[in-house]
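Please have the sequence and the 3D view open side by side. The paragraphs below go from the whole chain to single residues.

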Amino acid sequence: MQYIVKSQNEEIRYKASSGGAGSTIIKYLFDTKEISTAISFTYDTTQYCYQPILIHSFEEYKQVGSIYHDINIVKFLSENITKIKGGLGIFCLPCQVNAIRSISKKNNIKVYIICLTCSGQLDISATHYLYKLLRIPKNDIKYMQYRGNGWPNGITINKKDGSSVFLKNWSYPWTIIHSSQLFKPKRCFFCTLEQPKQADFILADPWLKELIEDTIGHTLIIPLTHIGQEILDELIKSNKLIIFASATNFYQKSQEPTIKKRQKIKDNPQTIKTICRICTNKLYRKIILRNMLFVKIHTKCISYILSKL
C-alpha cells in the first residue's frame with residue numbers, strides 16, 4: 001500500500017521538502033531509542049556544498065530539505081563506522097541502499113533506511129554554475145537551500161551582506177542546468193532503479209492534481225519492509241503522521257515522468273550511452289559551458305533526442 005501523509009508537527013512539515021514524514025520517522029526512532037545515531041547534513045561554507053555529519057540526538061538534526069548535489073554516503077558511512085552508537089537512521093538514494101545495508105550488516109549495526117525517490121543526481125559543479133549565472137561569488141554565500149520552507153518552494157541563497165536570492169522550484173536557469181545533463185554523474189545516465197527492496201521506506205513528492213493547491217507539503221511514503229510498515233502504522237495510530245489518502249498507484253501516477261525515463265534507458269541503451277559520452281566529455285563541456293547560448297542549443301538537442309525515444 002502507498003500513503004500520502006503529512007507530519008502532525010507543523011514546524012517539521014513546513015521545513016521539509018514535502019510533508020516532513022522522513023524527519024518524523026527519524027524523531028520517532030530517536031524518541032523510542034531504536035537509534036542512537038543518524039546521518040544529517042550541514043552546509044559547508046568553505047566547500048560551498050552540503051556535507052554529511054553524524055548526530056546522536058534529534059536535537060542535533062538539521063532539517064535542510066532536498067539536496068541536489070551528489071554526496072557519497074556509502075564512503076562517509078564506511079569511514080565513520082566505528083563512531084556509530086546503537087541503531088542508525090539514514091537517508092539515501094536508491095543506488096546507495098544495498099551497500100548501506102551490506103556495510104551495516106557486516107558491522108552488526110541495526111539500520112533503518114529511508115530511501116528518497118531520485119530522478120537523477122547532479123554534481124556540485126551544477127550549483128556552482130548556477131552561482132556563476134546569477135553572478136554571485138561563492139565566497140559571498142552564507143547559506144543556501146534547494147527546497148524546504150513550504151511546498152514545493154525553491155532555491156534560496158542567503159548572502160553574507162544580509163540579502164537573499166530566491167528561485168521558484170523548477171525555474172530558469174536551474175531547469176536548463178538540470179535538463180542539459182552536463183552535470184550528471186555517469187552512473188545516473190544508466191540508472192533504472194525504482195524501489196530498492198532493502199530500504200525500509202521510500203519517499204517521494206506527491207505530484208498529484210489532488211494536491212495542486214498545497215503550499216506546505218505532503219509526503220508520498222511506501223513502506224518496503226515489515227519493520228517499515230510497523231513504524232508507519234504506529235506513527236499514523238499516534239497521529240504523529242496524519243494520513244491524507246492511501247492507494248496502490250500513487251507512486252505510478254505522481255512519478256510518471258521518472259518511470260518513463262527509466263524505461264527509455266532500458267529500451268535505448270546505445271542512444272543513452274552516446275548521450276553520456278557527449279555530456280561527460282571534458283573538452284565538449286568546457287566549450288559549451290562558456291556561453292549560455294551554447295548551453296541552450298545543446299539542451300534543446302538533447303531534449304529533442306530523448307523526446308523521440
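What follows covers overall form, the cores, a few individual residues and the backbone.

This is a predicted model. The protein contains 13 helices and 11 strands. How does its radius of gyration compare with that of a compact globule? For 309 residues, such a globule would come out near 19 Å, and the protein has 20 Å, so the two agree. Along the principal axes, the C-alpha atoms fill a box of roughly 55 × 50 × 45 Å.

The contacts and surface add to this outline. Taking contacts between residues at least 6 apart in sequence, 67% join residues at least 24 apart. Of the 309 residues, 49% count as buried. The protein exposes about 15,500 Å², and carbon and sulfur atoms supply 53% of that area. As for charge, there are 43 positive and 23 negative charges, and their mean positions lie 10 Å apart.

Now to the interior. In soluble globular proteins, nonpolar side chains tend to be buried together. Here the largest nonpolar core has 64 residues, and Y50 and I100 have the most contacts inside it. Which residues does I100 touch, once its neighbours within four places in sequence are set aside? I100 is in contact with I73, V74, L77, I90, C92, V111 and I113. A second core, separate from that one, has 25 residues, including Y28, L29, A38 and L203.

One place along the chain from I100 is the charged residue R101, which lies in helix 4 (residues 97-106). Is R101 buried or exposed? Its relative accessibility is 19%, and the limit for buried is under 20%, so R101 counts as buried. Setting aside neighbours within four places, R101 is in contact with V111, I113, Q198, A199 and D200. V111 and I113 are also among the contacts of I100. N80 is 21 residues from R101 along the chain, with 15 Å between the two C-alpha atoms.

K27 offers a second case of a positive residue in a helix, here helix 2 (residues 21-31). K27 has a relative accessible area of 29%, and therefore counts as partly exposed. Beyond residues up to four places away in sequence, K27 touches I12 and F58. The contact with F58 spans 31 residues in sequence, while the C-alpha atoms of K27 and F58 are 5.8 Å apart.

Loops can also hold buried residues. Q121 is found in the loop between strand 5 (111-116) and helix 5 (124-133). With a relative accessibility of 7%, Q121 counts as buried. What surrounds Q121, leaving aside its neighbours within four places in sequence? Q121 is in contact with I67, Y68, H69, D70, L93, K184, P185 and C188. P173 is 52 residues from Q121 along the chain, and their C-alpha atoms are separated by 17 Å.

The last topic is the backbone. Most residues other than glycine have a negative phi, and most peptide bonds are trans. Where do cis peptide bonds occur in this model? A cis bond joins W151 and P152, with omega about -5°. P152 sits in the loop between strand 6 (141-145) and strand 7 (154-159). Another cis bond runs from Y172 to P173, with omega near 5°. P173, mentioned above for its distance from Q121, lies in the loop between strand 8 (164-168) and helix 6 (174-180).

Positive phi values appear at Y48 and N149, neither of which is glycine. In Y48, phi is near 60°. Y48 is found in the loop between strand 2 (37-44) and strand 3 (49-55). Because its relative accessible area is 16%, Y48 counts as buried. In N149, phi is near 65°. N149 is placed in the loop between strand 6 and strand 7, the loop that also holds P152. N149 has a relative accessible area of 34%, so N149 is partly exposed. The loop between strand 6 and strand 7 therefore holds a partly exposed residue with positive phi and the proline of a cis peptide bond.

Terms used
Residues are numbered from 1 along each chain as its sequence is written. This is a predicted model: local features need pLDDT of at least 70, side-chain atom pairs count only at pLDDT 80 or more; totals for chains, interfaces and linings use all residues. Side-chain values use heavy atoms; hydrogens and water are left out. A nonpolar core is a set of buried Ala, Val, Leu, Ile, Met, Phe, Trp, Tyr and Cys residues joined through side-chain atoms within 4.5 Å. Buried means under 20% relative accessible area, exposed over 50%, partly exposed in between (1.4 Å probe, protein chains only). Contact means heavy atoms within 4.5 Å. Helices (H or I, at least four residues) and strands (E, at least two) are DSSP runs, numbered from the N terminus. The radius of gyration is taken over C-alpha atoms; the globule rule is 2.2 Å times the number of residues to the power 0.38. Accessible areas come from the Shrake-Rupley method with a 1.4 Å probe; for residues, only the protein chains shown count as cover. Lys and Arg count as positive and Asp and Glu as negative; His and the chain ends are not counted. The place of a charge is taken as NZ of Lys, CZ of Arg, CG of Asp or CD of Glu.
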